[in-house]
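Colleague: Could you take a close look at one part of this model for me? I would like to see how a single residue sits within the whole chain.

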Amino acid sequence: MALDQSFVGRSYPPTDPYEVGREKIREFVEAVGDSNPAYTDPEAARALGHPDVIAPPTFVFAITFKAAGLVIQDPQLGLDYSRVVHGDQRFVYTRPVRAGDRLTVTSTIEAIKSLAGNDILDVRGEVHDEAGEHVVTAVTKLVSRAAEVG
């Protein structure tokens with residue numbers, strides 16, 4: 001069953017603040033194998049004009065995808081998450097995520113399409129810092145695969 005197009009434009013409440021910590025950034029860069037010193041060395045980050053270490057661009061996925069859970073779990077939307085695969089991810093930054101940031105995410109359904117029996121859902125996550133300033137926009141594309149016939 002196709003997802004309801006009337007959900008396009010629906011926004012969900014902002015998340016509780018997520019505090020970005022140096023240790024979380026370090027764990028992430030170790031996991032992805034990124035040796036950029038701006039991610040682990042405060043002096044290297046300051047030399048580049050940042051007040052503290054910064055996070056790699058994909059770090060924010062963890063908090064934006066968690067926020068998208070409000071969309072995914074909305075029973076009125078009717079998304080069958082057992083059939084969902086991650087189709088695409090985009091980030092548009094105003095500034096890097098920094099250690100010490102307290103970030104909130106507001107998720108909005110940006111688009112719903114049906115293609116060959118699959119439902120395609122684009123969820124935009126607007127990430128703001130504690131002062132309300134925009135940090136990054138993340139767009140997550142989820143594909144709910146069509147039910148197998150027979």
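Modeller: Happy to; here is the setting, followed by a closer view of one threonine. Please keep in mind that this is a predicted model, in which local features need pLDDT of at least 70 and side-chain atom pairs count only at pLDDT 80 or more, while totals for chains, interfaces and linings use all residues. Residues are numbered from 1 along each chain as its sequence is written, and side-chain values use heavy atoms, with hydrogens and water left out.

The chain holds 3 helices and 5 strands, arranged along the sequence as β-α-α-α-β-β-β-β; these are DSSP runs numbered from the N terminus (helices H or I, at least four residues; strands E, at least two). Its C-alpha trace spans about 60 × 30 × 20 Å along the principal axes. Of the 150 residues, 41% are buried, meaning under 20% relative accessible area with a 1.4 Å probe, counting protein chains only.

Now to Thr 108, which lies in strand 3, residues 102–115. Thr 108 counts as buried because its relative accessibility is 6%. Beyond its neighbours within four places in sequence, Thr 108 is in contact (heavy atoms within 4.5 Å) with Gly 9, Arg 10, Ser 11, Asp 122, Val 123 and Arg 124. With Ser 11 there is also a polar contact, side chain to side chain, at 2.6 Å. That term denotes a pair of N or O atoms within 3.5 Å; within protein, one must be able to donate a hydrogen and the other to accept it, and residues adjacent in sequence count only if both atoms are side-chain atoms.

Definitions and conventions: Buried < 20%, exposed > 50% of the residue type's maximum accessible area, 1.4 Å probe, protein only.
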